[in-house]
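Me: I would like to learn how to read a protein model step by step. Could you take me through one, giving the general idea each time before turning to the case at hand?

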Amino acid sequence: MAITEIPIPPQVYRFPQSKFIDAVRWLPPLSPLSKFAVLATFDTDADTPSLETHSISSTSQWTPHSQWTAPSRISSLSTSHQLLIATSTLSGSLHVLSAAEMEVLFSIDENSGFHMGPIWGVDVMGSECVSVGEDGRVNLVSVNGGGEKGFRRVYDGNGLVGFNCVKWASPSEFVTGGFGFGLQWWDLRRPGADGPVSQFKGNFGSQGKGSGMVHSIDIHPSRKHTCLAGGSSGTVFAWDLRWQQQSIVLSGVGTGEAATHSLSESEVWEVQYDCYTKSSNITSSRVLPAMFCSEDGILAVVGQGQEPVELLAEPCAINSFDIDPQSPSDVICSLEWEAIAIVARL
């Protein structure tokens, strides 16, 4: 599989901010003339966390739109096509808002028995939200009503396991990730199942000991059987449910030749399938091109068995990014040095 080379270097627009940016996501269009994004911010001077929406015009002008103050620092952020924003906090609360009005539609706080400690991962699909935390709990919340407790507990690891991220694969399936490069596949159609229906533990990592973490997961809408994951030591890999005991390393300091294709040896904070980059050899057994950002300031595209293509190199960490689903050539990034970057591929 060959990744098409970018003939012209992408244009990069930077927008300095007065706050730390913990996460960023594109929003579906709220008006025909501007793009919109939502930022999870933290004002270190005022110790104030918030969600902010901003509009970006065709002239690359950055304009604040609306804001919501969170009860504690935001730990995870997810958006949906239904103009919903789901966010979780370090104190263990979860909130679902309408992106158009920044109105809270559903909230559940840390005193409800929901989670104990930080919620590190949240994902929303339709009106359903799934959350995971370092306490080992997996919870479901419905925006239309979460029952008597406000949520449904799918699993409780009782503190013996912990999860860092979660991603829906279908309305009834999702994947979690955590320690030891571990991935878990859950199926809500399996009543009474006390745990995931499939599990994978990576046999690669720092010095080959498999002691790393998975920080981010993505699942392609047309290939839900293949899970993309990014984590420690610059590692980006895919887990195919058809060959559950194996993994395909795309980048990192893992085993085999993957080490020669790595641009980063630090934590991979975010990973997504890249629908913009085309592959010349698309088969069901090949992993589609992926984009990642890292602690050492790299934003790059990687393909199976190919050298990575660097899009951006910053002197600080790139904490998160998002590919615009309406215009995949545009990528928005949050930089550790209190700035937003928009990478426009030509």
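Reply: Let us begin with a word that we shall need throughout: two residues are in contact when they have heavy atoms within 4.5 Å of each other. Please keep in mind as well that this is a predicted model.

Me: With that meaning of contact, which residues does Phe-321 touch, leaving aside its neighbours within four places in sequence?

Reply: Phe-321 is in contact with Val-24, Arg-25, Glu-270, Val-271, Gln-272, Met-291, Phe-292, Cys-293, Leu-299, Val-331, Ile-332 and Cys-333. In the chain as a whole, if we take contacts with a separation of 6 or more, 49% of them are between residues 24 or more positions apart.

Me: Before we go further into details, what does the secondary structure of the protein chain come to?

Reply: The count for the protein chain is 0 helices and 28 strands. Of its 346 residues, 58% count as buried, and the chain exposes about 14,400 Å², of which carbon and sulfur atoms supply 50%.

Me: How should I think about a nonpolar core, and which residues have the most contacts inside the largest one here?

Reply: In soluble globular proteins, nonpolar side chains tend to be buried together. In this model the largest nonpolar core has 17 residues, and those with the most contacts inside it are Met-291, Leu-299, Phe-321, Val-331 and Cys-333. The elements that give two or more residues to this core are β23 (290-294), β24 (298-302), β25 (309-313), β26 (318-323), β27 (330-335) and β28 (339-344). Apart from it lies another core, of 15 residues, which includes Ala-169, Phe-181, Val-214 and Leu-241.

Me: Some of those strands must be placed in a sheet, so in what order do the strands of the open sheet with β23 and β24 come?

Reply: The order is β22-β23-β24-β25, an open sheet of 4 strands with antiparallel pairing. Its edge strands are β22 (268-273) and β25, each of which pairs on one side only, and the twist from one strand to the next averages 15 degrees. Looking inside the sheet, we find that β23 and β24 run antiparallel and are joined by 4 bridges, with Val-301 in β24 as the bridge partner of Met-291.

Me: Now I would like to read a single strand, so which residues lie on the two sides of β28?

Reply: In a regular strand the side chains alternate between the two faces of the sheet. For β28, Ala-339, Ala-341 and Val-343 are on one side and Ile-340, Ile-342 and Ala-344 are on the other, and all of these are buried.

Me: Which strands are joined to β28 by bridges?

Reply: Strand β1 (residues 11-16) is joined to β28 by 6 bridges, the two running antiparallel, and Phe-15 stands opposite Ile-340 of β28. There are also 6 bridges between β27 and β28, again in an antiparallel arrangement, and there Leu-335 has Ala-339 as its bridge partner. β27 and β28 form a hairpin with 3 residues between them, and Glu-338 in the turn has a positive phi of about 50 degrees.

Me: Why does Ile-342 count as buried?

Reply: The cut-off for buried is under 20% relative accessible area, and Ile-342 counts as buried because its value is 7%. Not counting residues up to four places away in sequence, Ile-342 touches Gln-11, Val-12, Tyr-13, Phe-15, Trp-26, Ile-56, Trp-62, Val-331 and Ile-332.

Me: Is Ser-327 buried or partly exposed, and where is Ser-327 found?

Reply: Ser-327 is found in the loop between β26 and β27, and it counts as partly exposed because its relative accessibility is 22%. Ser-327 and Tyr-276 are 51 residues apart along the chain, while their C-alpha atoms are separated by 8.5 Å.

Me: Where does Val-124 lie, and which residues does Val-124 touch beyond its neighbours within four places in sequence?

Reply: Val-124 is found in strand β10 (residues 119-125) and, at 6% relative accessibility, counts as buried. Leaving aside those neighbours, Val-124 is in contact with Ser-78, Thr-79, Ser-80, Leu-84, Ala-86, Cys-129 and Trp-168. One of these, Ser-80, is 44 residues from Val-124 in sequence and 6.2 Å away in space, C-alpha to C-alpha.

Me: Finally, how many disulfides does the structure hold?

Reply: The structure holds 0 disulfides. As for individual cysteines, Cys-275 is partly exposed, with a relative accessible area of 46%, whereas Cys-316 is buried, with a relative accessible area of 5%.

How values were computed:
Residues are numbered from 1 along each chain as its sequence is written. This is a predicted model: local features need pLDDT of at least 70, side-chain atom pairs count only at pLDDT 80 or more; totals for chains, interfaces and linings use all residues. Side-chain values use heavy atoms; hydrogens and water are left out. Buried means under 20% relative accessible area, exposed over 50%, partly exposed in between (1.4 Å probe, protein chains only). Accessible areas come from the Shrake-Rupley method with a 1.4 Å probe; for residues, only the protein chains shown count as cover. A nonpolar core is a set of buried Ala, Val, Leu, Ile, Met, Phe, Trp, Tyr and Cys residues joined through side-chain atoms within 4.5 Å. Two strands pair if DSSP finds at least two bridges between them. Axes are lines fitted to C-alpha atoms, for helices over the stretch in contact, and angles run from 0 to 180 degrees between N-to-C directions. A disulfide is a pair of cysteine sulfur atoms within 2.5 Å.
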